[in-house]
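Me: I'm new to reading protein structures. Could you take a close look at how one helix sits against another, and walk me through it slowly?

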Amino acid sequence: MIRIFIDSDACPVKDEVYRVAARYSLHVYVVSNRMIAVPPSPLIERVVVEAGADVADDWIAERVQDRDIVITSDIPLAARCIEKGAFVLEPKGRRLDSDAIGMALATRNLMTDLRAAGVITSGSSAFGKADRSRFLSELDTLVVKTRKLPPRKPTQIIR
């Protein structure tokens with residue numbers, strides 16, 4: 001059974017996830033360190049963790065399993081989930097996998113170092129309608145493909 005985990009603080013695509021999850025009857029965990037509104041549904045579970053750095057990330061990373069889907073823009077969390085065989089999708093619709101995560105981590109670390117050194121860097125582009133549409137399409141495609149994967153042994157991870 002595929003489950004979806006949303007790193008929900010500042011996630012702009014929660015409603016899209018709820019729609020796809022309802023269409024395929026998938027369980028969704030909405031994880032944050034504060035109370036947020038979620039639709040009343042037995043498929044949607046709100047998880048409020050203690051405040052603190054990476055507490056929500058740790059909760060997700062500890063529970064995610066092979067073939068689960070994680071929605072996050074947090075690159076270190078994405079790397080942890082990919083390591084466990086999960087699929088990761090950013091809110092703008094970019095899928096992170098074992099091939100892309102190394103470059104994403106390197107870019108994130110470089111930008112962090114540049115900002116720490118006082119270099120002014122441009123942020124990411126604003127989230128727009130095209131991003132929302134791309135995300136919805138990618139999530140739906142990912143769910144369909146994941147459901148069609150043949151059963152595999154517990155130690156076998158397909159990337």
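Reply: Happy to help; here is a walk through the packing of helix H1 against helix H5. This is a predicted model, in which local features need pLDDT of at least 70 and side-chain atom pairs count only at pLDDT 80 or more, while totals for chains, interfaces and linings use all residues. Residues are numbered from 1 along each chain as its sequence is written, and side-chain values use heavy atoms, with hydrogens and water left out.

Let's start with the two partners: H1 covers residues 14–24 and H5 covers residues 129–148. Helices here are DSSP runs (H or I, at least four residues), numbered from the N terminus. The two pack at an angle of about 30°, and their axes lie 10 Å apart. Each axis is a line fitted to C-alpha atoms over the stretch in contact, and angles run from 0 to 180 degrees between N-to-C directions. H1 is therefore roughly parallel to H5, a label given to angles under 35 degrees. Their crossing is right-handed, meaning that the near helix is turned clockwise from the far one by less than a right angle.

Now for the residues that meet (contact means heavy atoms within 4.5 Å). From H1 come Glu16, Val17, Arg19, Val20, Arg23 and Tyr24. Facing them in H5 are Arg132, Phe135, Leu136, Leu139, Asp140, Val143, Val144 and Arg147. Sorted by class, this contact holds 8 nonpolar residues, 6 charged ones and no polar ones. Here Ala, Val, Leu, Ile, Met, Phe, Trp, Tyr, Cys and Pro count as nonpolar, Asp, Glu, Lys and Arg as charged, and the others, Gly among them, as polar.

Methods: Parallel < 35°, antiparallel > 145°, perpendicular 65-115°, else oblique.
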